[in-house]
Amino acid sequence: MMLARPPTPKADWAYFCDIDGTLVAFAKHPDAVEVREEARHVLQQLFCVTHGAVALVSGRSLASIDALFHLPFLPAAGLHGLERRDPDGTYQRVIDRLPGREQLLPALTALAARFPGLLLEDKGIALALHYRQAPRLGGYLSHTIKRLVAPFPELTVLKGKYVFELKPHVANKGEAIAAFMRIPPFCGRTPVFLGDDVTDEYGFERINQLGGLSIKVGPGQTLARYRLPNIEAALTWLQSLTH
């Protein structure tokens with residue numbers, strides 16, 4: 001189904017943005033991602049124009065988000081909502097420990113060591129196995145990870161773009177957005193969420209429930225009601241509010 005381009009952005013909306021694949025391009029290694037100054041500038045200007053109603057919502061940790069953007073004043077939800085920084089700077093964490101970590105970390109470490117091109121990212125309360133450099137292993141990894149996680153019903157496996165993430169199911173991007181929408185300066189505004197990946201569908205679903213604008217960046221099936229073709233288009237659309 002063809003999705004329409006989103007309407008012209010407004011200053012009295014609340015903006016939520018995924019990062020990788022939405023504002024910045026993917027890299028071979030998560031730490032190798034480069035944030036163009038344009039993206040950083042757009043976020044700064046958007047923050048000013050909306051009087052702070054802007055938040056990043058990412059699978060990255062808050063520490064990783066800050067290392068990329070150097071905007072520590074920006075509200076953000078990290079690790080798919082497992083941790084959050086509110087507009088007043090308050091830090092919240094939904095859970096302190098990854099269930100089954102003692103068994104899963106060594107098992108996934110051994111799995112990554114067996115196959116060139118696999119990268120295990122230890123996020124503390126989440127684990128991510130990247131296979132961008134070994135895409136042929138997708139089916140095998142899906143089966144293996146499901147088997148490893150089966151004894152831990154508290155966990156969910158998120159399949160993103162060439163990555164499997166193991167995390168507690170107590171939080172997701174949709175819940176993170178809903179939490180922001182309950183507090184100033186987000187509350188009372190029309191929420192907007194830009195995302196590109198399967199893991200962003202939780203956010204799109206919640207945005208639709210809230211009567212907001214769900215915007216898919218790039219191709220693919222989605223619950224989003226609008227689409228922008230790529231990162232450049234997403235930045236241009238956001239930037240149109242600040243001009």
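Is Q239 buried or exposed? With a relative accessible area of 19%, Q239 is buried; the cut-off for that label is under 20%. The legends below take you through this and other close-ups of a predicted model.

**View 1. Q239 and its partners from a distant part of the chain.**
Q239 belongs to helix α7. Look for A39 beside this spot: 200 residues separate Q239 and A39 along the chain, yet their C-alpha atoms are 9.2 Å apart. Setting aside neighbours within four places in sequence, the contacts of Q239 are E38 and V42.

**View 2. Helix α7 and its surroundings.**
Helix α7 runs over residues 231-242. Its twelve residues should span 16 Å at 1.5 Å a residue, and the end C-alpha atoms are 17 Å apart, which agrees. How many of the twelve residues of α7 are buried? Nine are, so this helix is largely enclosed by the rest of the structure. The buried set is made up of I231, A233, A234, L235, W237, L238, Q239, L241 and T242. Among the elements covering these residues are strands β1 (13-17), β10 (190-195), β11 (213-217) and β12 (226-228), together with helix α1 (37-49). At the N-terminal end, N230 serves as the cap, placing a side-chain oxygen 3.3 Å from the backbone nitrogen of E232.

**View 3. Helix α5 in its setting.**
Which residue caps the N-terminal end of α5? It is N172, with a side-chain oxygen 2.9 Å from the backbone nitrogen of G174. Seven of the eight residues of α5 are buried, so the helix is largely enclosed by the rest of the structure. You can pick out the buried ones as K173, G174, A176, I177, A178, A179 and F180. Their cover includes strands β1, β2 (54-57), β3 (76-78), β4 and β10, as well as helix α6.

**View 4. The packing of α5 against α6.**
Here helix α5 (residues 173-180) meets helix α6 (residues 201-209) at an angle of about 45°, and their axes are 6 Å apart. The two helices are therefore oblique to each other. On the α5 side, K173, G174, E175, I177 and A178 make the contact, while α6 contributes Y202, G203, R206 and I207. Sorted by class, this contact holds four nonpolar, two polar and three charged residues. Within α6, the buried residues are E201, G203, F204, R206, I207 and N208, and they pack against α5, β10 and β11. Just beyond the helix, α6 is followed by G211, which has a positive phi near 75°.

**View 5. R85 and two backbone oxygens.**
R85 sits in strand β4 (residues 83-85). Its relative accessibility is 10%, so R85 counts as buried. Where does the side chain of R85 reach at 3.2 Å? It reaches the backbone oxygen of P72. A polar atom of the R85 side chain also lies 2.9 Å from the backbone oxygen of L74. Not counting residues up to four places away in sequence, R85 touches L62, D66, L71, P72, L74, P75, A76, T90 and F180. One of these, F180, is among the buried residues of α5, the helix shown in View 3.

**View 6. I125 in a loop.**
I125 is part of the loop linking β6 (119-122) and β7 (127-130). Its relative accessible area is 1%, so this isoleucine is buried. The residues that I125 touches, leaving out those up to four places away in sequence, are L79, L82, R93, I95, D96, R97, L98 and P168. S61 is 64 residues from I125 in sequence, and the two are 9.7 Å apart in space, C-alpha to C-alpha.

**View 7. Backbone details in three loops.**
What kind of peptide bond joins P184 and P185? The bond is cis, with omega about 0°, and P185 lies in the loop between α5 and β10. H51, in the loop between α1 and β2, has a positive phi of about 55° although it is not a glycine. H51 is exposed, with a relative accessible area of 65%. Y162 is another residue other than glycine with a positive phi, in this case near 60°. Y162 lies in the loop between β8 (155-160) and β9 (163-168) and is partly exposed, with a relative accessible area of 37%.

Notes:
Residues are numbered from 1 along each chain as its sequence is written. This is a predicted model: local features need pLDDT of at least 70, side-chain atom pairs count only at pLDDT 80 or more; totals for chains, interfaces and linings use all residues. Side-chain values use heavy atoms; hydrogens and water are left out. Axes are lines fitted to C-alpha atoms, for helices over the stretch in contact, and angles run from 0 to 180 degrees between N-to-C directions. Helices (H or I, at least four residues) and strands (E, at least two) are DSSP runs, numbered from the N terminus. Angles under 35 degrees count as roughly parallel, over 145 as roughly antiparallel, 65 to 115 as roughly perpendicular and the rest as oblique. Contact means heavy atoms within 4.5 Å. Ala, Val, Leu, Ile, Met, Phe, Trp, Tyr, Cys and Pro count as nonpolar, Asp, Glu, Lys and Arg as charged, and the others, Gly among them, as polar. The expected span of a helix is 1.5 Å times one less than its number of residues. Buried means under 20% relative accessible area, exposed over 50%, partly exposed in between (1.4 Å probe, protein chains only). A polar contact is a pair of N or O atoms within 3.5 Å; within protein, one must be able to donate a hydrogen and the other to accept it, and residues adjacent in sequence count only if both atoms are side-chain atoms.
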